[in-house]
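User: I have a model open on my screen and would like to understand the labels people attach to it. Could you walk me through the reasoning behind them?

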Amino acid sequence: MRAVQLTEIGKALTIADIPIPAIGSSDVLIRVSAAGICHSDAHYRTGISKIDRLPLTLGHEVAGCVEQVGSSVTHLSAGDRVCVHYLVHCGSCEFCVRGLEQFCRTGQMIGKHRDGGYAEFIKVPGVNAFPLPDEIPFEVGAIMMCSSATALHALNKARFKAGESIAIFGFGGLGFSALQLARALDSGNVYVVEINPAKLASARSMGANAIDATSAGPVEQIKEATAGRGVDVALELIGSAKTMRQAVLCLGPLGRAALVGLTAESMSIHPYTELINKEVEIIGVSDHLATELPALIEFARSGKLQFPPETLRVVDLDAVQINAALDALQDSIDHIRTVIVPTGVE
Ligand SMILES: [Zn+2]
Ligand SMILES: [Zn+2]
């Protein structure tokens with residue numbers, strides 16, 4: 001089969017002709033219909049994020065059709081449409097048994113620690129393959145399993161409830177999903193904090209209150225818009241100490257700030273006046289859980305989570321096209337997601 005692989009760190013991906021993986025009794029073989037090209041893939045290629053071995057087939061955002069089913073897999077049959085949970089986990093350690101597989105001691109990420117979906121076929125454990133309803137295009141089924149799933153996990157970690165107000169710092173891929181998912185959960189007012197005019201306009205067109213952080217401090221603007229109270233939940237999706245601090249300061253009493261963006265910077269907080277007095281919480285968010293995916297899939301099936309066609313760009317399973325897409329990702333500021341759709345596949 002064709003696979004586009006990372007063979008050397010810092011170099012372009014290359015096309016390879018490799019055997020179709022042989023499956024074990026608990027695995028399924030999936031014919032890949034769509035594989036999202038993600039920012040983390042660009043980081044694996046440059047070496048910013050470390051991978052375990054070379055050569056490696058990248059791609060952790062995968063949807064397709066079941067081609068073969070292992071003898072012990074009972075919930076799927078050949079021909080089923082599926083999307084893939086990218087974290088392969090042991091299922092039996094102290095974290096897995098509690099449904100917290102992101103802390104599994106032997107967890108492996110597809111497309112990082114084991115071969116991913118930049119290929120015609122991928123082998124995954126059956127438990128990682130989730131039925132994909134007909135209403136959801138394969139392209140959407142692939143990309144929602146990364147940023148949308150993490151956005152939903154952030155809302156869950158923040159214990160976001162119907163009617164609550166929310167501030168979303170950063171309107172990239174995560175924010176685009178977080179806004180729709182907050183609405184799907186019957187949010188109160190949504191404030192999107194951005195500096196990019198096109199993203200502010202996009203957030204406004206999707207029903208959010210756009211907070212232009214270039215015009216005045218976002219905390220002051222949110223306080224003013226909420227009659228001095230602040231919001232119930234804030235999501236920091238940028239990865240900067242400055243906006244993390246703003247996410248904490250824009251909270252009202254009992255507010256929760258969920259931090260998703262990655263940074264090595266330190267954040268200063270005055271515990272008495274900024275945390276204790278208001279009983280606010282700062283919550284770390286990492287990845288997402290298998291148990292959250294059925295709800296996510298249902299939001300996409302019912303149209304509450306959408307990726308309009310103009311936000312998707314399709315390339316072939318072709319090294320030149322994929323490398324170009326990874327190059328473009330490194331400095332992208334738009335909402336366009338590029339998805340590999342192998343030709344010759346449905
Ligand atoms: Zn991703
Ligand atoms: Zn485990």
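User: What makes S1 and strand S4 (residues 56-57) a pair?

Analyst: Two strands count as paired once there are at least two bridges between them. S1 and S4 have two bridges, in the antiparallel sense, so they meet that cut-off. In this predicted model, Leu6 stands opposite Leu56 in S4.

User: How do you know that S1 also pairs with strand S2 (residues 14-17)?

Analyst: The same kind of check works here. S1 and S2 share four bridges, again antiparallel, and the cut-off asks for at least two. Gln5 has Thr14 of S2 as its bridge partner, and Val4 stands opposite Ile15 in S2. Together, the three strands form an open antiparallel sheet in the order S2-S1-S4. S2 and S4 are at the edges with a single partner strand each, so each has one side without a neighbour in the sheet.

User: Why is strand S1 (residues 2-6) called largely enclosed?

Analyst: Buried means under 20% relative accessible area. Four of the five residues of S1 are buried, so the strand is largely enclosed by the rest of the structure.

User: What makes the arrangement around the zinc ion (ligand 1) tetrahedral?

Analyst: Let's begin with the donors: Cys38 (SG), His60 (NE2), Glu61 (OE) and Cys146 (SG) coordinate this ion at 2.1 to 2.3 Å. Four donors count as tetrahedral if all angles lie between 85 and 135 degrees. Here the angles are 98 to 127°, so the arrangement is tetrahedral. Along the sequence, the donor residues are spaced C-x21-H-E-x84-C, and both His60 and Glu61 are buried.

User: Why is the arrangement around the zinc ion (ligand 2) called tetrahedral?

Analyst: Its protein donors are Cys90 (SG), Cys93 (SG), Cys96 (SG) and Cys104 (SG), lying 2.3 Å from the ion. The angles at this zinc ion (ligand 2) run from 104 to 119°, which makes the arrangement tetrahedral, given the window of 85 to 135 degrees. The donor spacing along the chain is C-x2-C-x2-C-x7-C, and both Cys93 and Cys96 are buried.

User: How do you know that helix H2 is roughly perpendicular to helix H8?

Analyst: H2 (residues 138-157) and H8 (residues 293-301) pack at an angle of about 110°, with axes 10 Å apart. That makes H2 roughly perpendicular to H8, because the label covers 65 to 115 degrees. Residues that meet there include Met144, Met145 and Leu152 in H2, and Leu296, Ile297 and Phe299 in H8.

User: Why are H1 and H9 called roughly perpendicular to each other?

Analyst: Helix H1 (residues 39-46) and helix H9 (residues 319-329) pack at about 100°, and their axes are 9 Å apart. With 65 to 115 degrees as the range for the term, H1 and H9 are therefore roughly perpendicular. On the H1 side, His39, Asp41, Ala42 and Arg45 meet Asn323, Leu326, Asp327 and Leu329 of H9.

User: What makes His75 partly exposed, and where does Ser165 fall, buried or exposed?

Analyst: Buried means under 20%, exposed means over 50%, and partly exposed is in between. His75 has a relative accessible area of 43%, so it is partly exposed. This residue lies in the loop between strand S5 (61-69) and strand S6 (81-84), and it touches Asp80, Gly126, Val127 and Ala129, leaving out residues up to four places away in sequence. Ser165, at 10% relative accessibility, counts as buried. Ser165 sits in the loop between H2 and strand S11 (166-169), and its contacts beyond four places in sequence include Phe160, Asn189, Arg229 and Asp232.

User: What makes S13 (209-212) and S16 (281-284) edge strands?

Analyst: They belong to an open sheet of six strands with parallel pairing, in the order S13-S12-S11-S14-S15-S16. S13 and S16 each have a single partner strand, so one side of each lacks a neighbour in the sheet. The twist averages 20° from one strand to the next. As for the partner of S13, strand S12 (residues 190-194) pairs with S13 in the parallel sense over four bridges, where at least two are needed. Glu194 stands opposite Asp212 in S13.

Notes:
Residues are numbered from 1 along each chain as its sequence is written. Chains are lettered from A and ligands numbered from 1 in the order in which they are written. This is a predicted model: local features need pLDDT of at least 70, side-chain atom pairs count only at pLDDT 80 or more; totals for chains, interfaces and linings use all residues. Side-chain values use heavy atoms; hydrogens and water are left out. Axes are lines fitted to C-alpha atoms, for helices over the stretch in contact, and angles run from 0 to 180 degrees between N-to-C directions. Donors are N, O and S atoms within 2.8 Å of the metal (3.2 Å for Na, K and Ca); water is not among the atoms, so sites may look incomplete. Four donors count as tetrahedral if all angles lie between 85 and 135 degrees; four count as square planar and six as octahedral if opposite donors are over 155 degrees apart and all others between 65 and 115; anything else is irregular. Buried means under 20% relative accessible area, exposed over 50%, partly exposed in between (1.4 Å probe, protein chains only). Angles under 35 degrees count as roughly parallel, over 145 as roughly antiparallel, 65 to 115 as roughly perpendicular and the rest as oblique. Contact means heavy atoms within 4.5 Å.
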